[in-house]
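Me: I've got a structure open and some labels on it that I'd like to see justified. Can we go through them one at a time?

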Amino acid sequence: MKEFALLFRRNITSEEAQPSPELLQIYLAQWSTWISKLSNQDVLAPGGNHFSPEGRVLKPNQQVTEGPYTAQQQSLDGYLLVYAPDLEAACALAGECPLLQGENTSVEVREIAEPGKL
């Protein structure tokens, strides 16, 4: 089995894109169910977490930008590590992520490179 990172992105720059408290509770319940399913299938690898909305981006020549890096109004919100035989299987796992029910969200799937094989 190979290891893959599921990178979760969502719109954190717009108040309108944030779910209501009621909808957030539904999403959290769906998230817990999905995580339990991955765990029960023994495909959930150790590691993964959500990020706080604060951060800084460091660039060459000592340039510092306050706040997380955003592209197309999305910012990296967190990640999980999963085991799968190949990219297609990892994408199938990611495709069930409840985050994909929201607007302006995405899950990027990337294989973890073996050390020394970049």
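Reply: Sure. Keep in mind that this is a predicted model. Let's begin with C91, which has a relative accessibility of 38% and counts as partly exposed.

Me: Why is C91 called partly exposed?

Reply: Buried needs a value under 20% and exposed needs one over 50%. C91 comes out at 38%, so it gets the label in between.

Me: And what makes C97 buried?

Reply: Its relative accessibility is 3%, and the cut-off is under 20%, so C97 counts as buried.

Me: How do you know that C91 isn't in a disulfide?

Reply: The two sulfurs of a disulfide have to be within 2.5 Å. The closest cysteine sulfur to that of C91 belongs to C97 and is 12 Å away, so that's too far for a bond. C97 is in no disulfide either, with the sulfur of C91 as its nearest. A search of the whole structure turns up zero disulfides.

Me: OK, on to the helices and strands. What's the overall layout?

Reply: The protein chain has two helices and seven strands, and from the N terminus they run β-α-β-β-β-β-β-α-β. Of its 118 residues, 27% count as buried.

Me: How confident is the predictor in the protein chain?

Reply: The average pLDDT is 86, with 91% of the residues scoring at least 70. Among the elements, helix α2 (residues 87-94) has the highest mean at 97, while strand β5 (residues 70-71) has the lowest at 72.

Me: Now helix α1. What makes its buried residues line one face?

Reply: The buried residues of α1 are W31, W34, I35 and L38. Seen down the axis of α1, these fall within an arc of 100°, so they line one face of the helix. The general rule helps here: an α-helix has 3.6 residues a turn, so residues three or four places apart point the same way.

Me: What covers that buried side, and what sits on the face turned away from it?

Reply: The cover over the buried residues of α1 includes β1 (2-10), β2 (44-50), β6 and α2. The face turned away carries the exposed residues E22, Q25, T33 and N40.

Me: How does the span of α1 compare with what's expected?

Reply: α1 (residues 21-40) has 20 residues and reaches 29 Å from its first C-alpha to its last, close to the expected 28 Å. D42 follows α1 and has a positive phi, near 55°.

Me: Why is the F8 and W34 pair called edge-to-face?

Reply: There are four aromatic pairs in the structure. For F8 and W34, the ring centres are 6.2 Å apart, and the limit for a pair is 6.5 Å, so they qualify. Their planes sit at 80°, and over 60 counts as edge-to-face, so that's the name. The pair links distant parts of the chain, with F8 in strand β1 and W34 in helix α1, 26 residues apart. F8, W31 and W34 form one aromatic cluster.

Me: Are F8 and W34 buried or exposed?

Reply: F8 has a relative accessible area of 2% and W34 has 4%. The cut-off is under 20%, so F8 and W34 are buried.

Me: Last one: why is L80 called buried?

Reply: L80 has a relative accessible area of 8%, under the 20% cut-off, so it is buried. L80 is in strand β6 (residues 74-84). Leaving aside neighbours within four places in sequence, its contacts include F8, W31, W34, I35 and L38.

How values were computed
Residues are numbered from 1 along each chain as its sequence is written. This is a predicted model: local features need pLDDT of at least 70, side-chain atom pairs count only at pLDDT 80 or more; totals for chains, interfaces and linings use all residues. Side-chain values use heavy atoms; hydrogens and water are left out. pLDDT is the predictor's confidence in each residue, from 0 to 100. Helices (H or I, at least four residues) and strands (E, at least two) are DSSP runs, numbered from the N terminus. Buried means under 20% relative accessible area, exposed over 50%, partly exposed in between (1.4 Å probe, protein chains only). Contact means heavy atoms within 4.5 Å. The expected span of a helix is 1.5 Å times one less than its number of residues. The arc is that of the directions from the helix axis to the C-beta atoms. Rings of Phe, Tyr and Trp (its six-membered ring) pair if their centres lie within 6.5 Å; planes under 30 degrees apart count as stacked, over 60 as edge-to-face and the rest as tilted.
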